[in-house]
Amino acid sequence: MSRIEAKFAQLKRAGKTGLALFLTVGYPDKEAVTSLVPALVAGGADIIELGVPFSDPLADGATIQQASHEALRQGVTLRDCIDACRRLRQRSVEVPIVLMGYYNPILTYGLERFAEEGAEAGLDGVIVADLPPEEASPLRKACLSRGLDLIFLLAPTSTDERIRKVCRQATGFIYCVSLTGVTGARKELPVGLPNLIARVRKESSLPLAVGFGVSTRAHVETIGSYADAAVVGSALIDLIRSSPVEERASRARVFVEKLAGKNSPSLEGAIGRVV
């Protein structure tokens, strides 16, 4: 059983909604991920998505675009992202780790090389935002032969035919985009989101994760009523951007604890300062 499969099975047994937290590798600096990810896991993160910085992040809003820009200025590459996964495994991070990015860096790196080095580093899967299922076979073959999941995205605009096509190819889980737009924290979830989840459920028994615009505990609770996991990225990056260097990890942990619904006597005051 893969880490992703085992994690979702564990969440189902516990009756919990999974939390996937997204960080751009190389933001705010090259070493930040090694301190931030353990803090996120300690706070309750079930899955970690490591963003691969890219010069044309067409699915991302201003927050993640800026994070990618800063990471690229520091020279962060796909190899650095794979190395980040390796370092996290060396630091005993056991939750599933997924790379999320765009196809060009992977294609340039080499599909077989990417899959082989990713698996060796302890990677569990990859999400490629601009890779349609019609063109995914080479990467899917390279990934599956090394035990990596290729995780596809579906959106409210996805046709029933596209949903069926993705569900036939998907492994690990399916990433359901909550809205017709780019990433970025929002106040409300789209009212049509449950309909998308129902349409995908008809075609696949894989776990479903919802991302884009998710930023609060209320969002997580709502998503948990019809999906298996919530993905939070921009809200976390905004928090990290506004935090003093010495408080980034502790504030990130408190933020995840709030998303997870954890309560402690000391938590409420801290939450007011960081969210």
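This passage walks through some helices, hollows and individual residues of the structure. The model is a predicted one, and residue numbers run from 1 along the chain.

A good place to start is with the helices that have a buried side. An α-helix has 3.6 residues a turn, so residues three or four places apart point the same way. In helix H10, which spans residues 217-224, the buried residues are His219, Val220 and Ile223. Around the axis they take up an arc of only 100°, which puts them on the same side of H10. What they pack against is a mix of strands and a helix: strand E1 (18-24), strand E8 (208-211), strand E9 (229-232) and helix H12 (248-259).

Helix H7, residues 137-144, can be read in the same manner. Its buried residues are Leu139, Ala142 and Cys143. Looking down the axis of H7, these buried residues fall within an arc of 95°, so they line one face of the helix. The cover over them includes helix H5 (103-109) and helix H6 (111-121), along with strand E4 (125-128) and strand E5 (149-151).

Next come the empty spaces. Rolling a probe the size of a water molecule over the atoms shows where empty space is left. The second largest pocket has a volume of about 270 Å³. Its lining is made up of 15 residues, and Phe8, Leu11, Lys12, Pro207 and Asp228 are the ones that lie nearest its centre. Helix H1 (residues 3-14) supplies the largest share of that lining, with 5 residues. By type, the lining of this second largest pocket splits into 6 nonpolar, 4 polar and 5 charged residues.

As for closed spaces, there are 2 cavities of 30 Å³ or more. The second largest cavity comes in at about 40 Å³. Around it sit Val52, Leu78, Gly101, Tyr102, Ile106 and Val126. In the lining of this cavity, 5 residues are nonpolar, 1 is polar and none is charged.

Turning to single residues, Arg199 sits in helix H9 (residues 193-201). Its side chain has a polar atom 2.5 Å from the backbone oxygen of Ser158. The side chains of Arg199 and Asp160 are also joined, by a polar contact of 3.0 Å. Leaving out residues up to four places away in sequence, Arg199 touches Pro156, Ser158, Thr159, Asp160 and Ile163.

Another arginine, Arg248, has its place in helix H12, the helix that is also among the elements packed against the buried residues of H10. With a relative accessibility of 15%, Arg248 counts as buried, because the limit for that label is under 20%. Residues up to four places away in sequence aside, Arg248 touches Pro28, Asp29, Leu36, Ile240 and Ser243.

Pro28, one of those contacts of Arg248, has a backbone feature of its own. Most residues other than glycine have a negative phi, and most peptide bonds are trans. The peptide bond that joins Tyr27 and Pro28, though, is cis, with omega about 0°. Pro28 lies in the loop between E1 and helix H2 (32-43). Ser92 stands out on the phi side: its phi is near 70°, a positive value in a residue other than glycine. The loop between helix H4 (78-90) and strand E3 (97-101) is where Ser92 is found. At 55% relative accessibility, Ser92 counts as exposed.

Val166 and Pro132 round off the picture. Val166 is part of helix H8 (residues 160-169) and is buried, with a relative accessible area of 1%. Setting aside residues up to four places away in sequence, Val166 touches Pro133, Phe152, Leu153 and Leu154. From Val166 to Leu23, 143 residues away along the chain, the separation between C-alpha atoms is 25 Å. Pro132 belongs to the loop between E4 and H7. Its relative accessible area of 25% makes Pro132 partly exposed. Pro132 and Ala121 are 11 residues apart in sequence, and their C-alpha atoms are 26 Å apart in space.

Definitions and conventions
Predicted model: local features only at pLDDT ≥ 70, side-chain atom pairs only at ≥ 80, totals over all residues. Heavy atoms only, no water. 1 Å grid on protein atoms, 1.4 Å probe; cavity = no way out; pocket = protein on both sides within 12 Å on 5 of 7 lines; lining within 4 Å. Points joined across faces, edges and corners; volume = space filled by probe spheres on them. Helix = DSSP H or I, 4+ residues; strand = E, 2+ residues; numbered from the N terminus. Nonpolar A, V, L, I, M, F, W, Y, C, P; charged D, E, K, R; others polar. Buried < 20%, exposed > 50% of the residue type's maximum accessible area, 1.4 Å probe, protein only. Arc of directions from axis to C-beta. Contact = heavy atoms within 4.5 Å. Polar contact = N/O pair within 3.5 Å; in protein donor to acceptor, adjacent residues only side chain to side chain.
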